[in-house]
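Q: Could we go through this model together? I would like to begin with the strands and then turn to a helix.

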Amino acid sequence: MPDNAAYNYRWSADPGIDLHNRQATVVRAYVESYYLSINSNSLSAAYPGFAEAVPRRKRADFDHPADPTERRYVGTQFQHLMWMMKTDRGWFATICTGDYSVMEVGQDGKFYNIGSKYVNAETVELIAPNDVSATPAKSSGPERAPTINVFEGWTLAEHVKGARDQNAYAECDSRMPDARDVRPQKANLPHDTPYPTLAPYPGWPRYEES
């Protein structure tokens, strides 16, 4: 995780979804890596194995030769795993993204949130490897990012940044910890203080201790 991306991810999930199982762990790794790459404008900001997990033709958003330390971010990005369904080749997930709480540190020392007070609903479809028995001993912990490749043969089939199911947006809005009317928003920029940088959850383990 690049030093300039000093914000953390906090995940939650609907009842019946285990954030620690194999498929959810890969979803977490993909989504976190995707937004790190977007915010840093560099593929190198992602987690180990991300570049191999994403086909080159799907890297248009972030495969740019830019300095990943150009901009600085603080705060917390909220992610909610709302739905997971097994497919004939892997897993399909609907994810809620609350980026209203991630802020860029301006040259004036003030804080500018990069997202919107409106929560996004997106979908990710992953292709599972033939052998899915190889699972890290632990998939959560105090670290902000994994130090090993947790993709292990899983690959991206499709990432739709706006869910096709319009009902998902209202449902996602209700999954956030902050009500819409108290979320930081661009309408009242700049902010004198940033949204708190909360501890990552579930976070990532110290794999050498596993």
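A: Certainly. Please note that this is a predicted model. In strand S3, Thr-94 is the bridge partner of Trp-83.

Q: Which strand pairs with S3 over 8 bridges and has Thr-123 as the partner of Thr-94?

A: That is strand S6, residues 120–127, which pairs with S3 in the antiparallel sense over 8 bridges. Thr-123 of S6 is the bridge partner of Thr-94.

Q: And how do S2 and S3 run, and how many bridges join them?

A: Strand S2, residues 73–86, runs antiparallel to S3, and 8 bridges join the two.

Q: What joins S2 to S3 along the chain?

A: A hairpin does, through 3 residues.

Q: Is S3 mostly covered or mostly open?

A: Strand S3, residues 90–98, is mostly covered, with 9 of its 9 residues buried.

Q: Changing topic: which residues of helix H3 are buried?

A: In H3, residues 167–174, the buried residues are Ala-168, Cys-172 and Asp-173.

Q: Why do they line one face of the helix?

A: Viewed down the axis of H3, the buried residues fall within an arc of 140°, so they line one face. As a general point, an α-helix has 3.6 residues a turn, so residues three or four places apart point the same way.

Q: Which residues are exposed on the other side of H3?

A: Asn-167, Ala-170 and Ser-174 are exposed there.

Q: Then what covers the buried residues of H3?

A: The cover includes S2, S3 and S6. Those strands bring us back to the start: S3 pairs with S6 and is joined to S2 by bridges.

Note on methods
Residues are numbered from 1 along each chain as its sequence is written. This is a predicted model: local features need pLDDT of at least 70, side-chain atom pairs count only at pLDDT 80 or more; totals for chains, interfaces and linings use all residues. Side-chain values use heavy atoms; hydrogens and water are left out. Buried means under 20% relative accessible area, exposed over 50%, partly exposed in between (1.4 Å probe, protein chains only). Helices (H or I, at least four residues) and strands (E, at least two) are DSSP runs, numbered from the N terminus. Two strands pair if DSSP finds at least two bridges between them. The arc is that of the directions from the helix axis to the C-beta atoms. Contact means heavy atoms within 4.5 Å.
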